[in-house]
Amino acid sequence: MPDFLVGEVIDFMRCIPDLQSDDRLIPVTKSFLHHEMDRGAKAAGVKRIRIHDLRHSHVSLLIELGYSALAIADRLGHESTEVTMRYAHLFPNKQEDMACDLDVQRGQAGSPFTAAQPMKHA
């Protein structure tokens with residue numbers, strides 16, 4: 001959990017009188033969440049999404065931030081990366097970035113070659 005969120009949860013917990021270790025922090029029902037999602041979407045003038053769609057949005061954000069399928073699978077509790085790879089279309093194609101990084105590394109390493117020569121494969 002990000003540090004900023006840990007701090008917010010701790011502050012929230014301090015506001016709950018007589019909080020016990022086995023108490024729910026947010027004691028709401030699925031029905032209440034659905035009602036609030038409907039109300040919020042209507043007030044904002046946007047299409048209502050399912051609560052589970054927030055999980056998909058989270059995965060999309062993590063992919064955009066550059067996290068690997070393995071790290072995301074671990075965070076979400078997926079048993080394997082196969083489930084996470086359902087989002088494969090969102091993972092950026094890194095081939096061009098890799099080529100550029102290799103060019104930079106070659107330049108920094110002081111290679112004796114003056115121009116890159118394509119390798120010939122038999």
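What pLDDT does the protein chain average, and what share of the residues score at least 70? The chain averages a pLDDT of 82, and 88% of the residues reach at least 70. Please keep in mind as you look around that this is a predicted model. Confidence is highest in helix 2, at a mean of 93, and lowest in helix 6 (residues 95–108), at 79. As a general caution, where pLDDT is low, the predicted coordinates should not be read in detail.

**Helix 2 and what follows**

Helix 2 is a good place to start, since its confidence is the highest in the chain. It covers residues 30–44, which is 15 residues. From its first C-alpha to its last, helix 2 reaches 21 Å, close to the 21 Å expected at 1.5 Å a residue. Right after the helix comes Gly-45, and the phi of this glycine is positive, near 70°.

**Salt bridges**

A search of the whole structure turns up four salt bridges. Three of them are set out here, each with the distance between its closest N and O atoms.

| Acidic residue | Basic residue | Closest N and O atoms |
|---|---|---|
| Glu-36 | Arg-39 | 2.6 Å |
| Asp-38 | Arg-48 | 2.3 Å |
| Asp-53 | Arg-50 | 2.6 Å |

Let us take the pair of Glu-36 and Arg-39 to begin with. Both residues lie in helix 2, three residues apart, which is about one turn of the helix. Glu-36 is partly exposed, with a relative accessible area of 25%. Arg-39 is also classed as partly exposed, at 49%.

Now for the salt bridge between Arg-48 and Asp-38, where the closest N and O atoms are 2.3 Å apart. This pair links distant parts of the chain: Asp-38 belongs to helix 2, while Arg-48 sits in the loop between helix 2 and helix 3 (51–64), 10 residues apart. Arg-48 counts as partly exposed at 27% relative accessibility, and Asp-38 counts as partly exposed at 40%.

In the third pair, Asp-53 meets Arg-50 at 2.6 Å between the closest N and O atoms. Is Asp-53 buried or exposed? Asp-53 is buried because its relative accessible area is 19%, and the cut-off for buried is under 20%.

**A nonpolar patch on the surface**

Met-1, Phe-4, Leu-5, Val-6 and Ile-10 together make a nonpolar patch on the surface. Their accessible area adds up to about 470 Å². Phe-4, one of these residues, is found in helix 1 (residues 3–14). With a relative accessible area of 57%, Phe-4 is exposed.

**A buried valine**

For a contrast with Phe-4, turn to Val-59 in helix 3. Val-59 counts as buried, at 0% relative accessibility. In sequence, Val-59 and Ala-73 are 14 residues apart; in space, their C-alpha atoms are 9.2 Å apart.

**Cysteines**

How many disulfides does the count come to? It comes to zero. In general terms, a disulfide is a covalent bond between the sulfur atoms of two cysteines. If you are thinking about cysteines at the bench, here is how two of them sit in this model. Cys-15 is exposed, with a relative accessible area of 64%. Cys-100 counts as partly exposed, at 40% relative accessibility.

Terms used: Residues are numbered from 1 along each chain as its sequence is written. This is a predicted model: local features need pLDDT of at least 70, side-chain atom pairs count only at pLDDT 80 or more; totals for chains, interfaces and linings use all residues. Side-chain values use heavy atoms; hydrogens and water are left out. Helices (H or I, at least four residues) and strands (E, at least two) are DSSP runs, numbered from the N terminus. The expected span of a helix is 1.5 Å times one less than its number of residues. A disulfide is a pair of cysteine sulfur atoms within 2.5 Å. Buried means under 20% relative accessible area, exposed over 50%, partly exposed in between (1.4 Å probe, protein chains only). A salt bridge is a side-chain nitrogen of Lys or Arg within 4 Å of a carboxyl oxygen of Asp or Glu. pLDDT is the predictor's confidence in each residue, from 0 to 100. Patches are made of residues with over 30% relative accessible area and no salt bridge: like charges are joined within 9 Å, nonpolar side chains (Val, Leu, Ile, Met, Phe, Trp, Tyr) within 5 Å. Accessible areas come from the Shrake-Rupley method with a 1.4 Å probe; for residues, only the protein chains shown count as cover.
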